Amino acid sequence: MLVLGLETSCDETGVALYDSERGLLADALFSQIDLHRAYGGVVPELASRDHVKRMLPLIRQVLDEADCVATEIDAIAYTAGPGLVGALLVGASCAQALAFAWGIPALGVHHMEGHLLAPMLEENPPGFPFVALLVSGGHTQLVQVDAIGQYTLLGETLDDAAGEAFDKTAKMMGLNYPGGPEIARLAEKGVAGRYTFPRPMCDRPGLMFSFSGLKTFALNTWQQSVSAGDDSEQARCDISLAFQQAVVETLTIKCKRALKQAGMKRLVIAGGVSANKALRLSLEKMLGDLKGDVFYARPEFCTDNGAMIAFAGCQRLQAGQHESLAISVQARWPMEQLPPL
Ligand code: AMP
Ligand code: ZN
């Protein structure tokens, strides 16, 4: 089955062609980072307008790259939520219009299920069951995954998502958007031990997270440094390192707890923050000690992309799932509400 995947939930227009027999045939992405940078974050209206401009040229591009014609496509998968409603509506209406014109089925895909399954596009895919850590700009969740569509939420953040904390911490130190890769880059030059940040909610049992206090701690540390006359690049690097170490260690502690609670030794990490090298290293070490395995996608498939939507959609479309022509998207959509295959 050849599936066209469309991703428009936030600030990336992603398009891909995935074939159930031949694998990923082509994928293309247009990132709106430059468009939103001046505002320090995503401006929803600008995001929607840009998706409209990029969508059809990107679809043409992936068809050319895969050496395919439109009549070969069997079905269309698009992101139906969670995300920015205006942005989601661009992908949904484009998908439904093409599906109607081509006489093929369309299916709305859950964006976080896309992230969750993205490591299955790699050479050594994880088998079920596993524990997944979903760490993106909007989500921080620990999920027990028994099969596609069989998800049990084990824990999530009470306030900011991990990626959001990276972005906000970077912004207050005057770094560019998105802040995660910037903080990771500066942390490499940071001096360990100059600052120590707390590990929020690790001193009590449970699998919930809270990252807003860490962001405030970073703000206070930066302001104290500036008041003391040090607003240097090195101060930013040292704070970035201390902040990153606190996030990484907190996530690692909670992942270890979740694996123990679920009685599993297989961990999947997904979402933009899973591209973070320090996080990958820390989780690899923890799983190495437990004689388990950690799985993640290549960096470009950790952040938003069309390939993960084409892949996740293909699994469900092959099982016969599809929907009517109604254009319906959801800003919020708990993953446990998804049907099993
Ligand atoms: P997503 O919401 O899944 O598209 O991921 C975007 C989020 O991932 C943003 O908050 C980024 O700052 C964050 N991010 C991307 N790369 C990294 C990285 N290397 N380290 C930490 N956070 C990252
Ligand atoms: Zn995402």
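**A guided reading of the predicted model**

Pro 129 is found in the loop between H4 and S6. The structure discussed here is a predicted model, and this loop is a convenient place to enter it. A cis peptide bond, with omega about -5 degrees, joins Phe 128 to Pro 129. A second bond of this kind is found between Tyr 177 and Pro 178, where omega is again about -5 degrees; Pro 178 lies in the loop between H5 and H6. As background, most peptide bonds are trans.

Phe 128 also takes part in an aromatic contact. The structure holds five aromatic pairs. In one of them, the ring centres of Phe 128 and Phe 130 are 5.5 Å apart and the planes meet at 15 degrees, so the pair is stacked. Phe 128 counts as partly exposed because its relative accessibility is 33%, whereas Phe 130 is buried, with a relative accessible area of 0%. Phe 166 and Phe 243 form an edge-to-face pair, with 5.1 Å from centre to centre and 90 degrees between the planes. Phe 166 belongs to helix H5 and Phe 243 to helix H8 (residues 233-262), so this pair ties together parts that are 77 residues apart in sequence. Both Phe 166 and Phe 243 are buried.

Helix H5 leads to the first ligand. Helix H5 (162-172) and helix H6 (179-187) each supply at least two residues of the shell around ligand 1. In total, 17 residues surround ligand 1, and the closest are Gly 137, Asp 167, Gly 180, Gly 272 and Asp 304. By residue class, the shell around ligand 1 comprises six nonpolar, nine polar and two charged residues.

Polar contacts to ligand 1 come from both side chains and backbone. An N or O atom in the side chain of Asp 167 is 2.6 Å from an oxygen atom of ligand 1, and a polar side-chain atom of Asp 304 lies 2.9 Å from an oxygen atom of the ligand. From the backbone, a polar atom of Gly 163 is 3.2 Å from an oxygen atom of ligand 1. The protein covers 87% of the 510 Å² of accessible area that ligand 1 has on its own.

Asp 304 also appears at the metal site. The zinc ion (ligand 2) has as its protein donors His 111 (NE2), His 115 (NE2) and Asp 304 (OD), lying 2.1 Å from it. The spacing of these donor residues in sequence is H-x3-H-x188-D. Distant parts of the chain are linked here: His 115 is in helix H4 (residues 111-117), while Asp 304 is in the loop between strand S10 (293-295) and helix H10 (306-318), 189 residues apart. His 115 is buried, with a relative accessible area of 1%. Asp 304 likewise counts as buried, because its relative accessibility is 11%.

Two contacts within the protein involve hydroxyl-bearing residues, Ser 136 and Thr 221. Ser 136 has its place in the loop between strand S6 (130-135) and strand S7 (140-147), and its side chain reaches the backbone nitrogen of Gly 138 at 3.3 Å. Ser 136 is buried, at 8% relative accessible area. Thr 221 lies in helix H7 (residues 212-227). A polar atom of the Thr 221 side chain is 2.6 Å from the backbone oxygen of Phe 217, and Thr 221 counts as buried at 9% relative accessibility.

The loops also contain unusual backbone angles. Most residues other than glycine have a negative phi. Met 201, however, has a positive phi of about 60 degrees although it is not a glycine. Met 201 is found in the loop between H6 and H7 and, at 15% relative accessibility, counts as buried. Lys 291 also has a positive phi of about 60 degrees without being a glycine. Its place is in the loop between helix H9 (277-289) and S10, and Lys 291 counts as exposed because its relative accessibility is 71%.

The loop between H6 and H7 also holds Gly 206, which is partly exposed, with a relative accessible area of 35%. The C-alpha atoms of Gly 206 and Val 143 are separated by 13 Å, and the two residues are 63 residues apart along the chain.

Notes. Residues numbered from 1 in each chain as written. Chains lettered and ligands numbered in written order. Predicted model: local features only at pLDDT ≥ 70, side-chain atom pairs only at ≥ 80, totals over all residues. Heavy atoms only, no water. Near = heavy atom within 4 Å. Polar contact = N/O pair within 3.5 Å; in protein donor to acceptor, adjacent residues only side chain to side chain. Areas by Shrake-Rupley, 256 points an atom, 1.4 Å probe, with all protein chains shown as cover. Helix = DSSP H or I, 4+ residues; strand = E, 2+ residues; numbered from the N terminus. Nonpolar A, V, L, I, M, F, W, Y, C, P; charged D, E, K, R; others polar. Donors = N, O, S within 2.8 Å, 3.2 Å for Na, K, Ca; no water. Buried < 20%, exposed > 50% of the residue type's maximum accessible area, 1.4 Å probe, protein only. Phe/Tyr/Trp six-rings, centres within 6.5 Å; stacked < 30°, edge-to-face > 60°.
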